[in-house]
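I am opening a notebook page on a structure that is new to me. I will write down what I look up, entry by entry.

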Amino acid sequence: MTTTRAFPRSMQLHGQRAGFRPLLLSVLASAAIVVAACDSGGSVADLDNGGDDGEAMEANPDHEGEEIELTFWTFVDAHADFLKERAEEFNAQSSEYNIVINSSVADFGEMHDRLLVSLQSATGAPDLVDIEIGRFGTFLRGEVPLHPLNDVVDEHRSELVEERLAPYQLDGVEYGIDYHLGTYAMYYNKAILDEAGVDADDIVTWDDYIEAGKQVVANTDAMMTSVEPASASTLLGLMKQNGGGIYDENNEFILDSPANVEAVQLVSDLVHEHGIAEATPGGENHEAVYYEAFNNGEYASVWMPQWYMIRFTDFMPETEGDILVRPLPEFEPGGFVSTMGGGTGTAITTQIDDDKLDAAKQFLEFAKLTHDAQVALWTDLGFDPFRDDVYDHEALAEPDPWFNDEPVMVNLQQTFDRLAPEYTGPRYPEASLQLGENVAYEVIEEAADPQESLERAAEQVRSLDE
């Protein structure tokens, strides 16, 4: 799922296995409608003419450079605004090109589906496009219809957090550039921990976390955390942190690997053995009923990527000043304490006119990878940059009163040397769906054996290529 969407609705999944699948389908349909309402500045009809019905910047007639109009498809209004602002800055500094962004914003699912059809039929695709991380692998099957971006990335590679590039690579070739790092963190409610007599900074390992959770449950009315039975996020974050994931660096499918089994077993144990976690109200951490529960102090912690900070300020007002942002507890001494979650890669399609390709590459580099652009990812979008050298900028270094008046971004940077990478592959979308729809529910709600559940899911995915 994209990193910038919320899905407010009320639903309780506890004890509702019967009818779960129809309900889930209904929920997904509702979520899609809400996504469209929240993020889409237009409809999928705007894409019909390759962006001709989109919203184009007004070209500066006094600019001395060659006017280059770039059509751009996205599913997030803020992304369209971000690129237009970067285009204005680019034009102010460039005498060679006068970039005009013609953006079209449409529903998440329909945009990706329309893009796939356009690329397969070799007509109608935009010049630039946002492809969500979960869908990116779909576009890397067979002959890749995207332009390599190695020459763009290489100019800044030494300053970048290299792990953020991996989801958009195939055989060492770069095909997309993200909007953020998506650093996973543990969000603690300090007020609840104080009541329980727990110091968050004493939690180093997952064993420490379990013991702290027992104190929380014994001494407060809260649970230590909740885990999502209708989303891949809770499981996948820990799977990646433990060195697993869906694909490895060699593009091998590893859904049922020992590292993944160990991570999912931990989630199961938090619920069924230790009694410090329960199923997330509403099934996911993006539900209105979950925001209400966390806001009311029913949970002492949750692990989610950095972009989830926005959810506290937008939907959980009672947490102001109480939220601590800390690394994930480690599985083993010296192991990973974070990974990455969510993401959207901006790519250049092979349907762009040859005479616009150089301008598109220059602009994409300026808009996504320069120092100022990466600072703007934080100031304009609230996302953690993936350029290591911007974290001493005053905008990122200042304390945040909402988050215990701490310099959250600077603290997050300290995890970058222990950040587990994420790799995508051709069956990433199907595997992620299996995790969210089947494994999570079976393990969390039905206490299924994690290894057996992961093996069933992996077999389902492998069968697609038999």
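How many helices and how many strands are there in the chain? I noted before counting that this is a predicted model, and I then found 17 helices and 12 strands in the chain.

**Entry 1, the chain as a whole.** I looked up the totals next, and of the 466 residues of the chain, 60% count as buried. The accessible surface comes to about 17,700 Å², and carbon and sulfur atoms hold 45% of that surface. Turning to contacts with a separation of 6 or more, I read that residues 24 or more positions apart account for 76% of them.

**Entry 2, H2 and H12.** I followed the axes of H2 and H12, which come within 9 Å and cross at roughly 110°. Angles of 65 to 115 degrees count as roughly perpendicular, so H2 is roughly perpendicular to H12. I also noted that the crossing in which H2 passes H12 is right-handed. On the H2 side the contact is made by Phe-82, Leu-83, Arg-86, Ala-87, Glu-89, Phe-90 and Gln-93, while H12 brings Gln-362, Phe-363, Phe-366 and Ala-367. Sorting the residues of this contact by kind, I have 7 nonpolar, 2 polar and 2 charged.

**Entry 3, H13.** Which helices do the buried residues of H13 pack against? I listed those buried residues beforehand, and within helix H13 (residues 371-381) they are Ala-373, Gln-374, Val-375, Ala-376, Leu-377, Trp-378 and Leu-381. They pack against helix H2 (77-93) and helix H12 (354-368), the pair of my previous entry, and also against helix H11 (309-315), helix H14 (394-397) and helix H15 (408-413). Just after H13 I came to Gly-382, which takes a positive phi of about 75°.

**Entry 4, Asn-404.** I stayed with H14 and H15 for a moment, since Asn-404 lies in the loop between H14 and H15. Its phi is near 60°, a positive value in a residue other than glycine. Asn-404 has a relative accessible area of 26%, and I therefore put it down as partly exposed.

**Entry 5, Glu-442 and Ala-447.** Is Glu-442, a residue of helix H16 (residues 428-446), buried or exposed? I found a relative accessible area of 12% for Glu-442, and as buried means under 20%, Glu-442 is buried. Leaving aside its neighbours within four places in sequence, Glu-442 is in contact with Ala-447, Ala-448, Ser-453 and Arg-456. I then looked up one of these partners, Ala-447, in the loop between H16 and helix H17 (450-462). Ala-447 has a positive phi of about 55° although it is not a glycine, and at 45% relative accessibility it counts as partly exposed.

**Entry 6, two helix residues set side by side.** I looked up Ala-196 in helix H6 (residues 190-196), and Gln-120 in helix H3 (residues 108-120). Ala-196 is buried, with a relative accessible area of 5%, whereas Gln-120 counts as exposed at 64%. Apart from neighbours within four places in sequence, Ala-196 is in contact with Gln-215, Val-216, Asn-219 and Thr-220. From Ala-196 to Ala-222, 26 residues apart along the chain, I read a C-alpha separation of 9.5 Å. For Gln-120 I noted Glu-143, which is 23 residues apart in sequence and 9.9 Å apart in space, C-alpha to C-alpha.

Methods: Residues numbered from 1 in each chain as written. Predicted model: local features only at pLDDT ≥ 70, side-chain atom pairs only at ≥ 80, totals over all residues. Heavy atoms only, no water. Buried < 20%, exposed > 50% of the residue type's maximum accessible area, 1.4 Å probe, protein only. Contact = heavy atoms within 4.5 Å. Axes fitted to C-alpha atoms, helices over the stretch in contact; angles between N-to-C directions. Parallel < 35°, antiparallel > 145°, perpendicular 65-115°, else oblique. Left-handed = near helix turned anticlockwise from the far one by under 90°. Nonpolar A, V, L, I, M, F, W, Y, C, P; charged D, E, K, R; others polar. Areas by Shrake-Rupley, 256 points an atom, 1.4 Å probe, with all protein chains shown as cover.
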